[in-house]
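Colleague: Please take a close look at a single part of this model for me, and follow the elements it involves outward in one connected account. I would like the cut-offs stated as you go.

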Amino acid sequence: MDSINRRGFLKRTAGATLGLTATGLLLPFHTKCQAVSSVLELVGKNYLDERIIENIRKIKQENPTLKIGETHCHTTYTDGQYPTADLMQRASMLGLDFLIITDHWIPAHDGEWGWPLAHSLASIADSAKQYKEWNHPELEPIKVYPAMELSTHQGHLIMVFPEVYSKPGNRRDLVKQFSPLDNSMISMEVAAGLAKHLGGISIIAHPNINRSYPFGVSTDFAKQYLVGLVDAIEDVSTGHGYQKNYSKELGL
Ligand SMILES: [Zn+2]
């Protein structure tokens, strides 16, 4: 943390502490508890952000040609907590070079409810709009690659497409390609092939995590059927709490 950042951090922390003191004088106990927890969250978040920003800055200094981005996140178009604009602003603030927003596409299957393709497409359209209408002069507009997280028979697969598919005319190609698949699940091999066919890449999401429905493909299956087809695998997931060297295991 350099001295300017440290000052900023201390100032915000001090501000939070002052707020807490004032709250302590005025509010009844249960409200006080709520206030304390939200202040702690605020202090924790600011501290974490400072560390993330510093770490990203350090990695970039040591590897000037490296591009760093978040490759798996969701917005309120599916099950994320924040809208697209907020995610983009935060990614830029942290110093990332790009964002891959992976809203879910869950084709209906066996009469079960799904998340139609339209949600992922609306998310892609929104990020393109937010980029175009970027309104934060203090921050660099962040590049967002069009992407989605598709539920397949074996589990979730992230498909990332070339930037050109953010444009309305080209998004129609995604509609044409994928709409016929909105009512039936496909296998992960087929999905990875489709991503490749469109000039994109695919990333295996949260491998080896079992749920009652297809969620994380096993690395045994991946070794047998997906090597040479998929481009990457998630080695680290804060959302699902693991850190493994799957990419080395699969030679990716
Ligand atoms: Zn997933």
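**The second largest pocket, followed outward**

Modeller: The second largest pocket is lined by Ser127, Ala128, Tyr131, Lys132, Ile142, Lys143, Val144, Glu163, Ser166 and Lys167 (a pocket is an open set of points on a 1 Å grid over the protein atoms alone where a 1.4 Å probe fits, with protein on both sides within 12 Å along at least five of seven lines, and a lining residue has an atom within 4 Å of a point). The model is predicted, so local features need pLDDT of at least 70 and side-chain atom pairs count only at pLDDT 80 or more, while totals for chains, interfaces and linings use all residues. Residues are numbered from 1 along each chain as its sequence is written, and side-chain values use heavy atoms, with hydrogens and water left out.

The space in this pocket comes to about 220 Å³, a volume being what probe spheres set on the grid points fill. By class, the lining holds 4 nonpolar, 2 polar and 4 charged residues (Asp, Glu, Lys and Arg count as charged, Ala, Val, Leu, Ile, Met, Phe, Trp, Tyr, Cys and Pro as nonpolar, and the others as polar). Two elements, helix H4 (117-132) and strand S4 (143-145), each contribute at least two lining residues, and H4 gives the largest share, with 4 residues (helices of at least four residues and strands of at least two are DSSP runs, numbered from the N terminus).

S4 leads from the pocket into a sheet: this is an open sheet of 3 strands, ordered S1-S2-S4, in which the pairing is parallel (strands pair if DSSP finds at least two bridges between them). Its edges are strand S1 (69-73) and S4, each of which pairs on one side only. On the paired side of S4, 3 bridges connect it in parallel to strand S2 (residues 98-101), and Lys143 of S4 is the bridge partner of Phe98; Lys143 is also one of the residues that line the pocket.

A second open sheet has 5 strands in the order S3-S5-S6-S7-S8 and mixed pairing, with strand S3 (104-105) and strand S8 (232-233) at its edges, each pairing on one side only. Within it, strand S5 (residues 147-151) is joined to S6 by 5 antiparallel bridges, with Met148 opposite Met159. The hairpin of these two strands has 4 residues between them, and there Gly155 adopts a positive phi near 145°. S6 in turn pairs with S7 over 4 antiparallel bridges, among them contacts that set Val160 opposite Ile201 and Ile158 against its bridge partner Ile203.

S6 is covered on both faces: His156, Ile158 and Val160 are buried on one side, and Leu157 and Met159 on the other (buried means under 20% relative accessible area with a 1.4 Å probe, protein chains only).

His156 also takes part in the metal site, where Glu149 (OE), His156 (ND1) and His206 (NE2) coordinate the zinc ion at 2.0 to 2.3 Å (donors are N, O and S atoms within 2.8 Å of the metal, or 3.2 Å for Na, K and Ca, and sites may look incomplete without water). The donor residues follow the spacing E-x6-H-x49-H. Because His156 lies in S6 (residues 156-160) and His206 in the loop between strand S7 (201-204) and helix H7 (219-226), the pair ties together parts that are 50 residues apart in sequence. Both His156 and His206 are buried.

Methods. Buried < 20%, exposed > 50% of the residue type's maximum accessible area, 1.4 Å probe, protein only.
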